[in-house]
Amino acid sequence: MLRSILAAAAAATLSVGAQAQTIKIAILGPMSFVQGENHWAGAEMARDEINKGGGINVGGKRMQVELIRADTNEIQSVPDATNAVERVITRDKVDFLIGGFRSEAVLAMQEVAMDSKKIFLGVGAAHSKLGLNVEQNYERYKYWFRVAPTKDVDLARTLFAVLGSIGQQIRTDLKTDTPKVAILAEKAVWTEALVAAAQKNLPAMKMEVVGTWQPSATATDVTAELSAIDRAGAHIVFTMLSGPVGISVGRQMGERNMKAVAWGINVEGQKEEFWQATAGKAQFVSTLDTYSEVEMTPKTIPFVQAFKQRYKKAPTYTAATYDAIMLLKAVIEQEGTTNADKLVAAIEKIEHVGTGSTASWDKRHDLNWAVGKTAGIAVQWQDGKKVPFWPSQVKGMQPFKMPAR
Amino acid sequence: MLQDILVTGLVNGGVYALLAIGFSLIFGVARIVNIAHTAFYMLAAYCFYTLLTKTGLGFLLSGVIAVAAVTLFSMLCYRLVIEPVREHESAVLISTIALALIFQEVMLYLFGGHFLGIPSTIEGGIRILGVSVPYQRVLILVVAAIMLGAVWLLLYRTRLGLAIRATANDLEVASLMGMNVNRVAMATVAISVGLAAIAGVIATPVVSVHPHLWLDPLVIMLAIVVLGGLGSLKGSLIGALVIAYVEAITVFALPAGAYLKGAVALLIMVVVLLFRPEGLFGVAFEEER
């Protein structure tokens with residue numbers, strides 16, 4: 001009996017010792033969906049690279065990275081997401097949280113993380129409120145940082161920058177002074193500010209807004225909307241779509257042989273599977289994106305190539321969990337500690353060269369927006385391939401194409 | 001704009017009608033509120049997708065096998081899950097919800113949350129009244145019309161149809177007349193799910209296949225059958241067209257409120273029910289068995 005107790009105590013001690021040798025990072029994402037798969041894949045690549053190199057140097061002590069896979073199921077259920085965060089904090093006793101995708105869910109997850117004073121590096125959600133919380137109540141929310149993408153307002157700045165360049169091409173090609181734009185935005189919290197900004201800014205950019213259509217994010221049929229857009233004579237369909245409606249739009253625009261070109265945010269369009277999902281109909285659909293084989297940073301091309309080799313497909317923006325883990329490694333090694341408060345101060349000052357961006361953070365812990373650094377890239381589907389075309393000054397960009405008229 | 005509404009409403013009404021008539025049929029005959037009806041539609045879409053992309057059987061053969069397999073499977077589900085609790089309407093309701101959720105989670109497990117697409121059966125399109133309509137949507141409309149005609153023939157020109165109508169009219173008397181009402185109910189389930197499976201197969205090329213594919217059409221289908229009158233086939237057909245046209249009108253008249261098209265359709269249903277609680281063509285409740 002005594003021997004059993006001693007053995008159990010020894011095992012427990014060893015277990016605690018073993019735990020202390022690792023830095024536990026929870027990867028939060030909807031793991032049955034592409035967003036979660038990329039969260040996990042990016043994190044795996046970072047973990048393997050770090051552990052292969054001997055781990056993270058914490059004040060002279062080498063610690064391995066241990067990932068905890070937390071399926072938030074947030075696309076279907078916000079409570080599932082908060083439960084997942086509770087679980088990894090209380091049961092798995094993780095040191096850091098990385099991931100999240102759906103803004104509504106991430107806002108709820110942020111609360112749970114802040115209750116426990118855990119550093120939460122957001123990779124996926126764009127809503128401004130996440131950063132606004134930091135500004136309004138710094139002591140509570142300072143543990144939150146947004147690694148990807150930029151906040152919704154900055155996404156809009158990128159969208160308008162690219163839209164301006166597409167508008168110029170249309171003016172030249174079609175010999176029209178005022179390109180016509182149809183706004184096609186899913187009805188969701190994150191699109192509200194973008195739609196208002198588009199309605200206000202486009203006339204100032206000498207573009208005519210022919211109408212605003214707002215289907216549901218899960219609509220599988222947008223033929224009525226596209227029919228009306230066709231009828232309005234739009235040259236550009238300015239999309240703000242994160243849900244499966246993005247596939248319906250891509251596919252049905254192709255089926256209708258529309259002459260308008262789609263540009264904007266189409267999260268489904270960022271995925272490698274988009275071409276297959278649209279049955280090859282999404283020719284010329286373009287979207288904001290993060291990864292392509294272009295030299296955004298010196299690390300971009302090697303990362304994208306390694307990702308493709310390992311997972312047989314290109315990464316989407318939620319694979320920036322890689323950058324989040326590498327950021328943690330950088331500040332932990334710099335500070336020689338995993339103490340959250342010290343790391344927060346370090347992240348606030350650092351400029352981190354990642355695979356998708358060269359990142360630094362503002363007082364809201366949002367990314368400082370800059371073209372060529374954090375603004376991302378624009379890609380267009382051309383004959384089954386995602387072709388990057390903006391910002392044009394980055395090496396590797398190719399021409400943007402218009403449907404034949 | 002009028003021609004856009006006319007064409008869009010008609011094409012979308014086709015798939016809605018296929019789903020709603022099957023649902024209405026099984027309710028009318030066996031008083032089964034089969035919430036899993038659109039889940040069978042989703043299963044047929046997955047089955048068709050898998051056969052087409054993994055085995056290379058071709059559109060026709062893949063479609064036929066998918067419809068047959070899902071129909072047989074629905075009969076098995078009826079025997080194992082629904083028949084034992086058929087006398088208790090609430091238990092049937094809950095059982096079919098459970099079935100639908102099980103199908104959803106199994107598909108999520110097997111295929112993940114990916115949106116899967118397949119090529120159109122027929123590429124290209126035509127212009128009808130100046131509106132561009134892909135051939136695939138024309139095909140949907142034609143198949144829907146043929147299927148609805150076939151159902152009408154089956155119900156009004158065959159002995160099985162007579163038995164189904166008799167059972168729908170009065171289950172107890174049909175039973176006393178020597179009809180095997182359980183077998184009739186089973187046949188009705190097969191016909192009903194067969195229609196849903198056909199809808200799944202012909203609609204797959206215009207929608208993406210995913211585990212939640214069953215949810216959107218479920219709400220619309222329930223609205224249609226309640227609007228048309230539960231159990232009334234004519235009501236379902238007309239209800240499908242009404243809802244499809246209301247959706248189209250909403251999108252064209254209120255572009256920024258396109259997301260409201262489902263809500264507007266449901267509102268129309270509520271308004272109709274205020275004046276005709278039995279629906280447009282339903283049997284008044286006090287006259288029901």
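How far apart do the C-alpha centres of domain 1 of chain A and domain 2 of chain A lie? They lie 32 Å apart. This is a predicted model, in which local features need pLDDT of at least 70 and side-chain atom pairs count only at pLDDT 80 or more, while totals for chains, interfaces and linings use all residues. Residues are numbered from 1 along each chain as its sequence is written, and chains are lettered from A and ligands numbered from 1 in the order in which they are written.

**View 1. The two domains of chain A and their contact.** Domain 1 covers 2-149 + 296-359 and domain 2 covers 153-289 + 376-390, with bounds that come from an automatic or database domain assignment. Domain 1 of chain A gives 12 residues to the contact and domain 2 of chain A gives 10 residues, where contact requires C-beta atoms, placed from the backbone, within 7 Å.

**View 2. The open sheet β8-β7-β9-β10 of chain A.** Its four strands pair in parallel; strands are DSSP runs of E of at least two residues, helices runs of H or I of at least four, both numbered from the N terminus, and pairing takes at least two DSSP bridges between two strands. Because β8 (208-213) and β10 (261-266) of chain A stand at the edges with a single partner strand each, one side of each is left without a neighbour in the sheet.

**View 3. Strands β9 and β10 of chain A.** Six bridges join β9 (residues 236-241) to β10(A), the two running parallel, and I236(A) stands opposite V261(A) in β10(A). Helix α7 (residues 152-174) of chain A packs on the sheet, touching β9 and β10 of chain A, and its direction makes about 170 degrees with that of β10(A); axes are lines fitted to C-alpha atoms, for helices over the stretch in contact, and angles run from 0 to 180 degrees between N-to-C directions.

Note on methods
Two residues are in contact if their C-beta atoms, placed from the backbone, lie within 7 Å.
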